[in-house]
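Student: I'd like a close look at one part of this model, the surroundings of the ligand. Could you walk me through what the protein places there and how that part fits into the fold?

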Amino acid sequence: MILVTGATGNVGHNLVRELINAGEKVRALTRDPATTALPDSVEIVPGDLTRPETLPAALKDVDRAFLFPVFGALDGFLTAAKEAGTRHIVLLSSAAVTFPQLGWIGEQHLACEQAVADSGMSWTFVRPSVFMANDLGWAHQVKHGGIVRGAYGGAAMAPVDERDIAAVAAHALLSPRPGKAYELTGPQALSQIERVRIIGETLGLSARFEEMPRNDVRRQLLDHMPPPAADFLLDQLAAAQAEPDSVLPTIEQVTGHPARTYAEWVAHHVADFGG
Ligand SMILES: NC(=O)c1ccc[n+]([C@@H]2O[C@H](COP(=O)([O-])OP(=O)(O)OC[C@H]3O[C@@H](n4cnc5c(N)ncnc54)[C@H](OP(=O)(O)O)[C@@H]3O)[C@@H](O)[C@H]2O)c1
């Protein structure tokens, strides 16, 4: 039995599908089973990573697990998993752990990796760069006028499709390589200006990026995240404006198929952008 935490998320719901297609028995953990839409063959169990008392039942007979990195809250899960006889943990981490300046996000993910490494179970880390899924945050602006506002429009990152992250995580669960950390990027470094243009071209509408001052963007980000996370994201954009992100071959090496392009990702999400 494989337990997938974060199973309702961008990566997790694609991972569940990969594992079902591979013929695995899958259990999905969620805080709210009533609203969860997953394939019928998935066993859905209630659980909260911040409430360890909810976890032993979810971990019964689980030999491998995909762990979503709820910051500062993994010890209860890891203790319960070890007691349940779980052998291998695949942790969703972040490329930020490899940055020269870790920043708050890198530090949080590194602490998650350390907790898993200290657990005594075998592990694989999946370290994606920025998710293409983050750009769904632009959907409202694309639908209403087509002007996407943000800072550092020229910042060229190599965003990764959540389906490819899931495919690598599935591989790490199906053919465990203990002690391996997979660093993932998408296949192209694309600026925000270029990504908005691709969204417009794919949807067949006019869309463009418009620059905003960093401080204004920071104020908006603070509605959704703590100040150190907002500063990290803006610093990451500033760095990618100065020097484009590198592109890594990991996804093709692990899965045998090329990493999905940004245009393919947009085409998959046309409905989300109102197309
Ligand atoms: N966005 C990026 O650019 C980026 C880059 C690198 C790494 N990452 C990592 O990837 C994560 C986001 O992954 P995602 O986009 O797949 O997730 P997501 O779509 O944001 O969904 C969050 C998932 O986490 C689960 N969750 C949250 N708190 C939980 C808790 N206390 N107990 C149990 N489950 C909990 C939710 O489950 P329920 O609501 O169903 O309970 C949901 O399935 C980030 O948090 C970060 O660690 C992100």
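Tutor: Happy to! One term first: a polar contact here is a pair of N or O atoms within 3.5 Å. Please also keep in mind that this is a predicted model.

With that cut-off in hand, let's start at Thr 8. A polar atom in the side chain of Thr 8 sits 2.6 Å from a ligand oxygen, so this pair counts as a polar contact. Arg 31 also uses its side chain, with an N or O atom 2.8 Å from an oxygen atom of the ligand. Gly 6 takes part through its backbone instead: one of its N or O atoms there lies 3.3 Å from a ligand oxygen. Taken on its own, the ligand has 930 Å² of accessible area, and the protein covers 77% of it. Two elements, H1 and S2, each give two or more residues to the shell around the ligand.

Now let's widen the view to the whole shell. There are 24 residues around the ligand, and those that come nearest are Thr 8, Asn 10, Thr 30, Arg 31 and His 109. Sorted by class, the shell holds eleven nonpolar residues, eleven polar ones and two charged ones.

How does this connect to the fold? Helix H1 covers residues 10-21, and strand S2 covers residues 26-30. H1 lies across S2 and also across strand S1 (2-4), S4 and S5. Relative to S1, the helix runs at about 160°.

These strands belong to an open sheet of seven, paired in parallel and ordered S3-S2-S1-S4-S5-S6-S9. At the edges are strand S3 (43-46) and strand S9 (180-184), each of which pairs on one side only. From one strand to the next, the twist averages 20°.

Within that sheet, you can follow one pairing in detail. Strand S4, residues 64-67, joins strand S5, residues 88-92, in the parallel sense over four bridges. If you look at Arg 64, you will find that its bridge partner in S5 is His 88.

Note on methods
Residues are numbered from 1 along each chain as its sequence is written. This is a predicted model: local features need pLDDT of at least 70, side-chain atom pairs count only at pLDDT 80 or more; totals for chains, interfaces and linings use all residues. Side-chain values use heavy atoms; hydrogens and water are left out. Two strands pair if DSSP finds at least two bridges between them. Axes are lines fitted to C-alpha atoms, for helices over the stretch in contact, and angles run from 0 to 180 degrees between N-to-C directions. Contact means heavy atoms within 4.5 Å. A residue is near a molecule or strand if one of its heavy atoms lies within 4 Å of it. A polar contact is a pair of N or O atoms within 3.5 Å; within protein, one must be able to donate a hydrogen and the other to accept it, and residues adjacent in sequence count only if both atoms are side-chain atoms. Accessible areas come from the Shrake-Rupley method with a 1.4 Å probe; for residues, only the protein chains shown count as cover. Ala, Val, Leu, Ile, Met, Phe, Trp, Tyr, Cys and Pro count as nonpolar, Asp, Glu, Lys and Arg as charged, and the others, Gly among them, as polar.
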